[in-house]
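Work through the exercises below with the sequence and the structure at hand. Each task is followed by a solution in steps.

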There are 2 protein chains.
Amino acid sequence: MEAYDFIKKAIIQGDYKSGKRLTEESLAKELKLSRTPIREAIKRLESERLITPLKRGVIVRKFTREDIKQIYDLRALLEGYAAAQGAIERNDENLQKMKEANDNFRKILKETNAKDSEQIKEIMNVNNNFHQGVLEASQNEHLRFHISNVTVLPLVFRSFYWYNQQQLNRSLELHETMYSAIYSKDRERAKTAMLEHIYQGRDHVLKHIEENDLFEEEEKK
Amino acid sequence: MEAYDFIKKAIIQGDYKSGKRLTEESLAKELKLSRTPIREAIKRLESERLITPLKRGVIVRKFTREDIKQIYDLRALLEGYAAAQGAIERNDENLQKMKEANDNFRKILKETNAKDSEQIKEIMNVNNNFHQGVLEASQNEHLRFHISNVTVLPLVFRSFYWYNQQQLNRSLELHETMYSAIYSKDRERAKTAMLEHIYQGRDHVLKHIEENDLFEEEEKK
DNA sequence: AGTTGATTGTTTGTATACAAAGTGATACGA
DNA sequence: TCGTATCACTTTGTATACAAACAATCAACT
């Protein structure tokens, strides 16, 4: 369990890069554990598809452009639905959580113009809290589970590092639109804002990896 | 791997019933394996949420009415989207597969009025093939993965056992509507038919378990 | 009688040893 | 030089042993 959390975090944060080979023994040595708990962690990560099985051992999963597009489409579908449902089902606690996240978001953007890594972590955090709030508002545990599997990808996680100030402001704006829509039980407006927010993220990520040529192309035959 | 398949199948088919305690040793004895491969299987099933971890060991997951509703809502969302996308992205191979499934479906319904368990298995099979075809047509691997995790639940799997002839006919009808909609690239009609098909399934399952009082209620405090 | 504590047995967590299977390198022959 | 066979090495798969955590039972004390 400890091993699972450690490896998962390392993958999401990009410490273990795409394509990196993970062998049980080296992980065991690094985490000072035997191979047994490592094996369990690997099996779980495999079924979450964060790692790819080879004929022999596993590597950290590689994502193609096509993957990114598909994943964001899926995310838009799921989170759009969550926003729409949330607008109907939300309770006071949910509203509270969303509001708090947005207040903090605004505070962070106001206080500092410096884009240091501390600020980015805080932004990732409030962004996460807000989405969490929307999800909880939807009152659908299963929806929540599937979204969390879609959101956890390294590229999604790291995307905030490449946002500029204007994009961050737009994000906050959309969060606040969502909040007010969910508050006033406006399904459609909540959904629309969520979709724009997510597509903003998608375009941003795609552009970033295009510009930086971040994809090692898959092997050509 | 072998252990994983075996246990998963047993759960889906209902051989291991909801709430059944699974201990590593007894499974090891039953499958004539050591505990190690059993452990891996259990970890995977846990992350697919087919089993629930206890403080000590695991049990086959119990589903509540609320679970069923949420799962079907999710399935409608995902498969509805798959149908809509499929109507745009489908290729000849996809169409072929869907058509074949439906032809077989019709044949099965025509040939036999007897509702024996052999027929039911065949129907589950063609139904599965058709949905598979729609999924493939959507050309979204990630969508496919998530749907497969939603569809695999015991109650969903077994639902065909309780369909009557009229409901089966209606299912086929909807399949054929979907096929023709996807063939002629009619997004909306494809989606609508899929939604009706899935909600038909949901209402059916809910009614069945209501009538047969299939839920042991969760413990009351 | 009811509550608490100790004891015993069961089940999981972790480590390790050994077998099996894949990978790579080298040497030999065509 | 190229291909192939063999051998050594690495890495995973499985079994098993032991330790730790938990559960259940029973007894003793209030």
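A salt bridge here is a side-chain nitrogen of Lys or Arg within 4 Å of a carboxyl oxygen of Asp or Glu. The model is predicted.

**Exercise 1.** State how many salt bridges the rule finds across the interface of chain B and chain A, and examine the pair A:Arg39 and B:Glu40.

Solution. Step 1: apply the rule to the interface of chain B and chain A; 4 salt bridges result. Step 2: take A:Arg39 and B:Glu40, whose closest N and O atoms are 2.5 Å apart. This pair satisfies the cut-off because the rule asks for a distance within 4 Å. Step 3: turn to polar contacts; 10 residue pairs across the interface are found, with both residues at pLDDT 80 or more.

**Exercise 2.** Determine how chain B is related to chain A.

Solution. Step 1: lay chain B on chain A; a turn of 180 degrees with a shift of 0.0 Å along the axis gives an RMSD of 0.0 Å. Step 2: the two copies are therefore related as by a two-fold rotation axis. Step 3: compare the contact residues; 100% of those of chain B recur in chain A, so the same surface serves both copies.

**Exercise 3.** Describe the extent and the make-up of the contact between chain B and chain A.

Solution. Step 1: count the residues; chain B gives 25 and chain A gives 25. Step 2: take the buried area, about 2,700 Å², of which 59% comes from carbon and sulfur atoms. Step 3: find the leading contributors on chain B; B:Arg49, B:His142 and B:His146 supply 23% of the area that chain B buries against chain A, more than any other three residues.

**Exercise 4.** Identify which residues and elements surround DNA strand D, and which atoms approach its bases.

Solution. Step 1: list the surroundings; 14 residues surround DNA strand D, the closest being A:Arg35, A:Arg39, A:Arg56, B:Ser34 and B:Thr36. Step 2: look at the bases. A side-chain N or O atom of A:Arg35 is 3.0 Å from a base nitrogen, and a polar side-chain atom of A:Arg56 lies 2.5 Å from a base oxygen. Step 3: look at the backbone of the DNA; a phosphate oxygen is 3.2 Å from a polar backbone atom of A:Glu24. Step 4: assign elements. Strand E1 (21–22) and helix H3 (35–47) of chain A, together with H3 of chain B, each give two or more residues to the surface near DNA strand D. H3(B) gives the most, with 3 residues. Step 5: sort by class; the surface has 3 nonpolar, 4 polar and 7 charged residues.

Key. Residues are numbered from 1 along each chain as its sequence is written. Chains are lettered from A and ligands numbered from 1 in the order in which they are written. This is a predicted model: local features need pLDDT of at least 70, side-chain atom pairs count only at pLDDT 80 or more; totals for chains, interfaces and linings use all residues. Side-chain values use heavy atoms; hydrogens and water are left out. Copies are superposed by least squares on the C-alpha atoms of residues with pLDDT of at least 70 in both. Contact means heavy atoms within 4.5 Å. Buried area is the accessible area (1.4 Å probe) that two parts lose on being put together, summed over both. A polar contact is a pair of N or O atoms within 3.5 Å; within protein, one must be able to donate a hydrogen and the other to accept it, and residues adjacent in sequence count only if both atoms are side-chain atoms. A residue is near a molecule or strand if one of its heavy atoms lies within 4 Å of it. Helices (H or I, at least four residues) and strands (E, at least two) are DSSP runs, numbered from the N terminus. Ala, Val, Leu, Ile, Met, Phe, Trp, Tyr, Cys and Pro count as nonpolar, Asp, Glu, Lys and Arg as charged, and the others, Gly among them, as polar.
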